[in-house]
Amino acid sequence: MDLTFPSHTFYGVEFPAVVNNVETAIEMLGGLSQISEVFADEKRRLNLSFRPHMVYSKPACGDGRSSNSFIIRIQRLRNKVTGELKLVPVILGRVTRVYKFDAMADFQFGPFERVPTTDTSEASKVIPPNYKIFYNDLIIKDPTTMIDSYLSRDMPLYLPPVLFSRQDTPSFYNFAPRYRTTEYIQLEEKSHKMPILPSVAYYMIRGPWSRAWIRYGYDPRKDPEARRYQVIDFRVQAYMVVRKLLCHSSSRKRMLCTDANKRVLADCRKSYESVHSREDSFWDELLNSSKKSQEDNIDYDGNDELDPTIIDDAEDDDGDDRIQKNLGKVADYRFGPNNWPTTHQVRYCLSDIEIPEVQAMLEEVPERTEIDPVDGWLRPGGIKRIRDLLGQYLKNTLPSIMDSASKEKISFNSKIHCVYTSVGINHFSGCSSIIAVRSSNKSTFETILAFGSSHFICLAKSYSYLNDEMINLNTDFSQDNFRVYQTLPGHNSDVRCVRWLDCCFHNNGSSQVYQHTMCFLMSSDSCGLVIIWACPTESLICPDETENWHIINKFQTPNNSIINSIDGNFFPSSENDRSCSGTLFLSAAADTSVHNWSVHISQNLLTNKSILLPCILISNITRVPSLCLCLRRFCIKYNFQTSSDNIDVSWLHFIVLGLDNGQTEIWSGHLVNGQNENVKSLNFTLSTTISGHQDWTRCIDVCIDQGLTSPVVLIVTGGQDNIVRIWRLYSPENDNSVTSPGHAKTTESVLGFKKNQTRLHFVLFVGGSISVWCRSDKDFWLPALPLTGHVGPVADLSWMSTFPEEKFKDDDSYTYLLTAGFDQTVRLHACQPNTSNEEKELIQEFWFELARPQIHGYDMNAIASISPIFYVSAGDEKVVRVFTTTKDFLNSFKKLYKSPSICSKLDRILADSVIPTGAVQPPLGLSNQIISSPSNSNDNNVIENHNNIEDNSDRNEYVNNEEKENLDKVCTPNELPTEDRLQHATLWPEVKKLYGHPYEIYCLAVHPRQFLVASACTASKPEYAHIILWNGNSNWCIHQRLQHHQLTVTQLAWSHDGTRLLAVSRDRTWSLWSEQPMNSATEGTNHQLSKYILSAYPIKGQSHSRIIWTCAWSPDDKYFFTGSRDSSIYCWNATVKIQKSADCLPPEALRRLDIYKELGKSVTAIDVCESFNSECSSNLHSYLMAVGLESGNIILLKLCETGSSERFFTWSIVLNFPPDWCHVPGKRLRRISFSPQKDNYLKTSIKYMATSGDDGIVRIFKINIKLL
């Protein structure tokens, strides 16, 4: 056989017929010329015409496909002597392309006319009919000049369409019962009784049966019984009512159902749109708009993240029974006690409205003989009457629904609760406002502070704690402390201005306490967007959820100018009106102009929450070339007696404006009583210009006393010249003059103050922190705990690590949280523990910033806790720094806990370890220095680490004047951690610098049981992408360098037993390093640690397709997980073989075990903890995974082992965090971490989870994992 391949190339055609004549087959393909043109262009299709001589014949199309076939000719040779046959194959060429006719042929419509027969006998019916072809008479073959003779021919009408079918590829439809709802199947069973249901049907566009399919041959306009099938269009007035109804019914069941129920719900949802017409579907908004889902604040996964494999696995046909069993009667086309509208607009068939009054109307015999275009067969006004009944029924049913929804909310809060939010205020002068509100039915009041942090508006409330031992408080400090309890998302850039809108009517004697039923808040951001918020006062005093807040209006300033200050007033319709009706007067200072708007508020504000009220621009004030830096707006009521019997009531609207030339201007406008509603224009005139500052007027505040016969107005102005002046505005009868009774110097920016009967809260901010003073009953000021937080991205966080030999009891634990941010600080957050033994309810705990161990000169990139008294950190530099605690911190930390065992542990640390008293930061240096050296020394490892301080002998002896002042602050007992103390008196001393990386440190990780630290730096080449292990037992020398990755290692994670180290990198791979057991000769050597060798890496093509940002271990170290920018989470097997020192086995190349790709956004942070699952067997484990996304969202996933080789886990979304618990949309969530597990972690169900992101916010959640 000749195996030489010739160079000839052939094309093949699989002819869909038996070829008896090759010439006829070629003619049917269009001839050789047409075939050659198709072969020359591989994209063209080959046409096969069954009647090539007829131009009306529709061809079948063949598609060319690549082929690697050969054409073989077999020769049969016969031996003339012996007669033996021999077959000799010869390869003629290679077939590179084959045309196959797999597509369907179109319908044929030819010029055929049926010939009628004259035979009418029964035998003639069996004979096939005869046809006559008139194709020759239809076509003009020869050229002619006489067209009339051609047109005058008598022939049948022949108008063939161009195409019958738009597709020639078969489509498969699955009509299995599991893809239809139970109601649809029930309707099919009743189809013989309901003439409206389609079989062969026509569509009615308008009228009483609008948008209904009606059976062909049936006219409902002639049958009075068709009144039962008339269609009514019903619209729910309040969109928020629709959302609550949906959350109460089907959405809550979707969030709490099992995997099997989720599969059923997915089947139900697929068929809804095919059964009944629904406009503005709420499900579609949830599925297609993540932004809408965040605004609606839904407690379940608004994006409907159902695993498609779960849906595909539903191969059984008993879906209808499962729907009835799991969900009951969930029907969108019915209206009744158990079925409510799930869309803003829905159409109901009258027979599906389960209201007795409506059914009684349908039972009445129609009196009319012809239908009405609106009411159909019903009586006049019947459709309007039915709409009113639906609205009244929904209004009466809604309170009971809301009560059950509140119970569900309480149940949800028992599972997870946000116990702490640490934020820093934005660096803008008008970025905060304070208000004192009083409930309508209570004598108590609350002080609410609103301020801007990143893109959020934060609400802080004053909490009183009666425990005098808490946070080192004694009688010299206030017990009123502001804590952030709510955040409002809505802005897309940094919030610049926040202001509570005051009410123009106040009761006598309480002019500074807001007592209206509705509170209004105004905010603006760096893009010129202004948002007006509204919230009921009762909800503000007793906050329940974010949905109590809604946006009245949002608009852009003229020319998108940036606003420097905002203010406004709420003018109710009448002085005694307790409703929401009235007018909002708003003012904003932007550049050289002041813009004024008015917004009319109607009484149905709470019911129409989805409607934005119109905002009218009523006037502008231009102050070119001066810049308008700050303003305040207020109203004063005056009674003018025009005659002996007539008194006119007038309102003066004032705007106090601070300029960049140091002057303060007062502008006034006049409105007669009754003209404050629907104001379309208001002219302001300059009344007074006061000069009291030599530099910019930075802040203004106004205090009004309406209790006297003539109102008293005090104006406070603060300038950049460090002077605060108080001015008094006299009444118009006193010539409207302004005087300055006095001034005082200040170095801070006053935010505001509010009088609360016996207490006065005075607030100011410094460097992103808010300091608070409260006036006591003895008329002197007491400091309270400040509101502190990072003012830049929080790069890393770390829970406190315990000593390796430390063992916990059931109720015996203490912890704190370390955070490092781009504001060049490390902050330590601690809490007063919850002494309640109830695990089913998550009681509010008090977290606060207890210390600021490090104030650096570089942005902080990473931090890791070594033990309760040591941590390592890395800034945007090449150095890793080691820090130790101080006695002052341990004494403060010990007083947070009442457990005797915890106090004894901390006392042992104070007694046995060499702990410095405090630390200070030198004026020209980055290393925190020890103030005083300890008096004793020991030989243990902790003391040895502390003694290795570089050149500390001279530093301990030299203390300058600044250090003496800081030493006094450190040694002062029972000090409150105010902002000044946090900056100077809570530093931790630095004990060691670790040099070894060529570029800036990127990540750190600490061994859970040894003094071993792993670090990695930014790298663009393989030689710089190594991991360094630092030995803390041997003067922090380099223990080992681990080289594998090509680019920057983004995160390091030790296994819980410390035998393996996991690293993920920008090069889209990971590496697993295992501990190599030591030889028996070196096993007992002091300070000797094991070496680590590469044990596993991913197989090429099995890893992520984008950068791997994060990784985490399962609690039992059986698996580890990686998260990437490709929006997926991979699960890997961590049980690799541990190599002995004598072995030289290559590392294993692993395949991924499982994958989850339903997140939709880049995964930037993950962590895993244990979970309780009663559905799993005892030998199968379940885990709880927290996922942080690049969009700022937080998701909780539950992973359950399946025990199957095809799929290792079932992934289910437990909770998609609401927007006010997430981070700023669009800003990356950098770290998410569960509190470290203890040896008895299965005995407790409470778990803490901390998150941080680029928005500078740190949140701590308390989770009851047993209830999830």
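In this predicted model, His 1026 touches Gly 996, His 997, Pro 998, Ser 1015, Ala 1016, Arg 1041, Leu 1042 and Gln 1043, once residues up to four places away in sequence are set aside. The residue is found in the loop between β50 (1012–1017) and β51 (1027–1031). Two of the residues it touches, Ser 1015 and Ala 1016, have numbers that fall within the range of β50. With a relative accessible area of 8%, His 1026 is buried. Its side chain also has a polar partner: a polar contact of 3.0 Å joins it to the side chain of Arg 1041, a residue that appears in the contact list as well.

A second loop residue worth a visit is Ser 210, which sits between β7 (201–204) and β8 (212–215). Ser 210 has a relative accessible area of 17% and is therefore classed as buried, the limit being under 20%. The side chain of Ser 210 reaches the backbone oxygen of Ile 205 at 3.0 Å. Beyond its neighbours within four places in sequence, Ser 210 is in contact with Met 204, Ile 205 and Val 231. Ile 205 thus features both in the polar pairing and in the contact list.

Val 1136 offers a nonpolar counterpart in the loop between β59 (1129–1133) and β60 (1148–1150). This valine is buried, at 12% relative accessible area. Leaving out residues up to four places away in sequence, Val 1136 touches Leu 1072, Ser 1074, Ser 1095, Ala 1096, Glu 1148 and Leu 1150. For one of these partners a backbone distance is available: the C-alpha atoms of Val 1136 and Glu 1148 are separated by 7.7 Å, with the two residues twelve apart along the chain.

Turning to the surface, Phe 5, Phe 70, Ile 72, Ile 74 and Leu 87 make a nonpolar patch of about 540 Å². Strand β3 (residues 60–78) gives the most to this patch, contributing three residues. Phe 5, by contrast, is placed in the segment before β1 (9–14). Phe 5 has a relative accessible area of 53%, and so it counts as exposed, for which the threshold is over 50%.

The cysteines tell a simple story. A disulfide is a covalent bond between the sulfur atoms of two cysteines. Under the distance rule applied here, the count is zero disulfides. Cys 497 shows why such a bond is missing at its position: the closest cysteine sulfur, in Cys 431, is 7.3 Å away, too far for a bond, whereas the cut-off is 2.5 Å. Cys 497 is also buried, with a relative accessible area of 0%. Another cysteine, Cys 1222, is likewise counted as buried, at 3% relative accessibility.

Seen as a whole, the protein chain holds 20 helices and 68 strands. Of its 1268 residues, 52% are buried. Among contacts in the chain with a separation of 6 or more, 61% come from residues 24 or more positions apart. The chain exposes about 59100 Å², and carbon and sulfur atoms supply 50% of that area.

Notes
Residues numbered from 1 in each chain as written. Predicted model: local features only at pLDDT ≥ 70, side-chain atom pairs only at ≥ 80, totals over all residues. Heavy atoms only, no water. Patch = residues over 30% accessible without salt bridge, like charges linked within 9 Å, V, L, I, M, F, W, Y side chains within 5 Å. Areas by Shrake-Rupley, 256 points an atom, 1.4 Å probe, with all protein chains shown as cover. Salt bridge = Lys/Arg side-chain N within 4 Å of Asp/Glu carboxyl O. Helix = DSSP H or I, 4+ residues; strand = E, 2+ residues; numbered from the N terminus. Buried < 20%, exposed > 50% of the residue type's maximum accessible area, 1.4 Å probe, protein only. Polar contact = N/O pair within 3.5 Å; in protein donor to acceptor, adjacent residues only side chain to side chain. Contact = heavy atoms within 4.5 Å.
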